[in-house]
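Me: I'm new to this one and would like a relaxed walk through it. Could you show it to me and take my questions one by one?

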Amino acid sequence: MFGHSQGVSRRSGRVGKPIRTAVLTAAAALSLAAPAVAAGTYEIDLSHSSVGFSVRHLVISNVRGVFSDFSGTILYDEENIGNSSVEVVIKADSIDTGNEDRDNHLRNPDFFDTANHGAITFKSDSIRKKGNGYVAAGTLTIRGKSNRVEIPFEILGKINDPWGNTRIGISGGLSIDRQNFGVSWSKTMDAGGLMVGNEVPIELNVEAVLKK
């Protein structure tokens, strides 16, 4: 009886070694085949991000402002940027140009009509590499009117912060014609030119945190 058991043990030992080697080899091959960095969903950190704009005033100067309340998610696939996407919602009534009377005018039906159109939204349908940066293409909706736009941007970096969060930094911008979005109020001055310009450059600076 004991001799038979020892024989099984010896045979198991001889067979077990090549099996273990094969398993370890397969595991190593799978780890090498897996992507080095997985895609992740990031949430915009409002306290470290900004959405700014400027508009020509009386032809001779630029008035600057920001939207102070917004949120969004970014799906970032570092290995294949084409799998990435972004969605952003901006509260239109959070517009702030540093002048209360002007901001109230911008909220009324002459401009954003925030009582009826509370959200400005952007949703990408593609993201692609372009030169040293990237372009997010998608639908921008302002005052209920939607147009397809392209937003050039660059990824400034990716870090692990002191609190154990993974963060990415993004900088980008675009220029739109506000008339295309129904933000149409203006007056022509006696000397020519518009009191409020139509072209609106928009500047985006975003810091986003990986969801755990």
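**Aromatic pairs and their surroundings**

Reply: Sure, and keep in mind that this is a predicted model. Searching the whole structure turns up 4 aromatic pairs.

Me: How are the rings of Phe67 and Phe112 arranged, stacked or edge-to-face?

Reply: Their ring centres are 5.9 Å apart, and the planes meet at 90°. Planes over 60 degrees apart count as edge-to-face. So the pair of Phe67 and Phe112 is edge-to-face.

Me: How many residues apart are Phe67 and Phe112 in the chain?

Reply: Phe67 belongs to strand S3 (residues 61-67), while Phe112 is in the loop between H2 and S7. The pair therefore links distant parts of the chain, with its edge-to-face rings at 5.9 Å between centres. Along the chain, the two are separated by 45 residues.

Me: Are Phe67 and Phe112 buried or exposed?

Reply: The cut-off for buried is under 20% relative accessible area. Phe67 has 9% relative accessibility, and Phe112 has a relative accessible area of 13%. Both values are under the cut-off, so Phe67 and Phe112 are buried.

Me: Which residue forms one aromatic cluster with Phe67 and Phe112?

Reply: We have already met Phe67 and Phe112 as an edge-to-face pair. They form one aromatic cluster together with another phenylalanine, Phe53.

Me: What about Tyr134 and Phe153: stacked or edge-to-face?

Reply: Here the ring centres are 5.5 Å apart and the planes are at 25°. Planes under 30 degrees apart count as stacked. So the pair of Tyr134 and Phe153 is stacked.

Me: Which strands do Tyr134 and Phe153 come from?

Reply: Tyr134 and Phe153 are both buried. They are 19 residues apart, and their pair links distant parts of the chain. Tyr134 is in strand S8 and Phe153 is in strand S9.

Me: Which residue lies over the face of Tyr134?

Reply: For a charge to sit over a ring, it has to be within 6 Å of the ring centre. Here the distance from the ring centre of Tyr134 is 5.0 Å, and the residue is Lys129.

Me: What is the phi of Asp113, and where is this residue?

Reply: Asp113 is in the loop between helix H2 (100-107) and strand S7 (119-130). With a relative accessible area of 9%, Asp113 is buried. Although Asp113 is not a glycine, its phi is positive, at about 50°.

Me: What is the phi of Arg143?

Reply: Arg143 is found in the loop between strand S8 (133-142) and strand S9 (145-160). Arg143 is not a glycine, yet its phi is positive, at about 55°.

Me: Which backbone atoms does the side chain of Ser84 reach?

Reply: Ser84 is in the loop between strand S4 (70-76) and strand S5 (85-91), and counts as buried at 7% relative accessibility. Leaving aside neighbours within four places in sequence, Ser84 is in contact with Leu75, Tyr76, Asp77 and Ile127. Its side chain reaches the backbone oxygen of Leu75 at 3.4 Å, and a polar atom of that side chain lies 2.9 Å from the backbone nitrogen of Asp77.

Me: And the whole protein: how many helices and strands are there?

Reply: From the N terminus, the elements run α-β-β-β-β-β-β-α-β-β-β-β-β. Of the 212 residues, 34% are buried. The count is 2 helices and 11 strands.

Note on methods: Residues are numbered from 1 along each chain as its sequence is written. This is a predicted model: local features need pLDDT of at least 70, side-chain atom pairs count only at pLDDT 80 or more; totals for chains, interfaces and linings use all residues. Side-chain values use heavy atoms; hydrogens and water are left out. Helices (H or I, at least four residues) and strands (E, at least two) are DSSP runs, numbered from the N terminus. Buried means under 20% relative accessible area, exposed over 50%, partly exposed in between (1.4 Å probe, protein chains only). A polar contact is a pair of N or O atoms within 3.5 Å; within protein, one must be able to donate a hydrogen and the other to accept it, and residues adjacent in sequence count only if both atoms are side-chain atoms. Contact means heavy atoms within 4.5 Å. Rings of Phe, Tyr and Trp (its six-membered ring) pair if their centres lie within 6.5 Å; planes under 30 degrees apart count as stacked, over 60 as edge-to-face and the rest as tilted. A charge sits over a ring if NZ of Lys or CZ of Arg is within 6 Å of the ring centre and within 35 degrees of the ring normal.
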